[in-house]
Amino acid sequence: MTMVKEAVHRLVPAPAGRIHLVEQGTGPLVLLVHGFPESWYSWRHQLPALAAAGFRAVAVDVRGYGRSSRPEDVSAYRMLDLVEDAVAVVHALGERSAVIVGHDWGAGIAAHSALLRPDVFRAVGLLSVPYTPRGGPRPSEIFAGMGGEEEFYVSYFQQPGRAEAEIEPDVRGWLAGFYAAFSADTMPRPGAPDPHFVSRDGGGTLRDRFPASTPAWLGTDELDVYAGEFERTGLTTALNRYRAMDRDWEDLVAYDGAPITQPSLFLGGSLDASTTWLSDAIAAYPVTLPGLRGSHILEGCGHWIQQERPAEVNQHLLNWLAGLPS
């Protein structure tokens, strides 16, 4: 391990205007992409570890978040545009190729960046959300059919302004509850109302089911960072990623069922619904991720994997990166 300089914040040009990123270390580029509702800050434990191991670690604010550009049009959050942003960051940093690693929605962005631009992204790491190739009915139709008498959160997010009306009056409290609902040490116990759903009676909210406790990984300082960003930006442009899913389904028709062939890694939490509900996607990895070099389920871990279990995630990432061809 080597001594490294402190992380540096930068703004670089991208198709929608600018991408804010945080960079630490020198060496092969590793691009880190966050999910909802987070920011570059969700990779705060990985940046110094990767840098100390001889990598140029770069965590971005995805389009619509933080100090990156926030276009108003929902169509600006389609996957094709987010892939272009990732490519633009690599080029703006003076690099030709990178390893890309994503969590939650960032895992989808990482996967599709590798799928669509194998000339730029030489390997891909996916955290929490497995790769599921394009196919089947429209995503909105699939999610609308889930839950029976209850409404799935992805459907709840579809109508502009609806979720915002729940969140905006108390961004800090809502974020704290959302993080707690999907953290291993604070998530509702089996049999309790599921925070992935709201009642369909018209008056239900996600927050109705959030726990009051705080996960161990989320201290006051951490919540200050997240709440401060979303109190400044609002949640609409972050939620627009959910509202662009059907556009992705249309845009990516040529990639129906397509595998990602580059070297890949998957890390999930055993208590994360993204891992358990999509177990069939993980089982399909021999076909969908033929370059898979490691798939690890962290026992007793929830959704916020790189923040709940930073040391374990860092070790898995470093072991995988060390084995990649240069």
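These legends walk through close-up views of one predicted model.

**View 1. An open sheet built from eight strands.**
Start with the sheet, since several later views come back to it. Going across it, the strand order is β1-β2-β4-β3-β5-β6-β9-β10, and the pairing is mixed. The edges belong to β1 (8–14) and β10 (292–298), each of which pairs on one side only. On average, neighbouring strands are turned by 20° against each other, with direction ignored.

**View 2. Strands β2 and β4 side by side.**
Here we zoom in on one pair from the sheet. Residues 17–24 make up β2 and residues 56–60 make up β4, and the two strands pair in the antiparallel sense over four bridges. Look for Val 22, which stands opposite Ala 59 in β4.

**View 3. Two helices against the sheet: α2 and α15.**
Helix α2 packs on the sheet and touches β1, β2, β3, β4, β5 (98–103) and β6 (121–127). The direction of α2 makes about 115° with that of β1. Now find α15, the helix of residues 310–322. Helix α15 lies across β3, β5, β6, β9 (264–269) and β10, and runs at about 165° to β9.

**View 4. Where α2 meets α3.**
Two packed helices are described by the angle between their axes and the distance between the axes. For α2 and α3, the angle is about 80° and the axes are 9 Å apart. That makes α2 roughly perpendicular to α3. Which residues of α2 and α3 make the contact? From α2 come Met 79, Leu 80, Leu 82, Val 83 and Ala 86, while α3 brings Gly 108, Ile 109, His 112, Ser 113 and Leu 116. Sorted by class, this contact has seven nonpolar, three polar and no charged residues.

**View 5. Inside the largest cavity.**
Rolling a probe the size of a water molecule over the atoms shows where empty space is left. How many cavities of 30 Å³ or more does the structure hold? There are two, and the largest has about 90 Å³ of space. Its lining includes Ile 19, Leu 31, Val 33, Val 60, Arg 63, Asp 85 and Val 89. Two elements, β3 (29–33) and α2 (79–92), give two or more residues to that lining. Helix α2 from the earlier views supplies the largest share, four residues. By class, the lining of the largest cavity has nine nonpolar, no polar and two charged residues.

**View 6. The second largest cavity.**
About 70 Å³ of space lies in this one. Of its 13 lining residues, Val 62, Tyr 65, Trp 105, Ile 109 and Arg 241 lie nearest the centre. At least two lining residues come from each of α3 (105–116) and α9 (236–243). The lining of the second largest cavity divides into seven nonpolar, four polar and two charged residues. Ile 109 is worth a second look: it lines the largest cavity too, and it takes part in the contact of α2 with α3.

**View 7. Two backbone oddities, at Pro 37 and Asp 104.**
Most residues other than glycine have a negative phi, and most peptide bonds are trans. Phe 36 and Pro 37 are joined by a cis peptide bond, with omega at about -15°. Pro 37 sits in the loop between β3 and α1 (46–52). Asp 104 is not a glycine, yet has a positive phi of about 60°. Its place is the loop between β5 and α3.

Conventions. Residues numbered from 1 in each chain as written. Predicted model: local features only at pLDDT ≥ 70, side-chain atom pairs only at ≥ 80, totals over all residues. Heavy atoms only, no water. 1 Å grid on protein atoms, 1.4 Å probe; cavity = no way out; pocket = protein on both sides within 12 Å on 5 of 7 lines; lining within 4 Å. Points joined across faces, edges and corners; volume = space filled by probe spheres on them. Nonpolar A, V, L, I, M, F, W, Y, C, P; charged D, E, K, R; others polar. Pairing = 2+ DSSP bridges. Axes fitted to C-alpha atoms, helices over the stretch in contact; angles between N-to-C directions. Contact = heavy atoms within 4.5 Å. Parallel < 35°, antiparallel > 145°, perpendicular 65-115°, else oblique.
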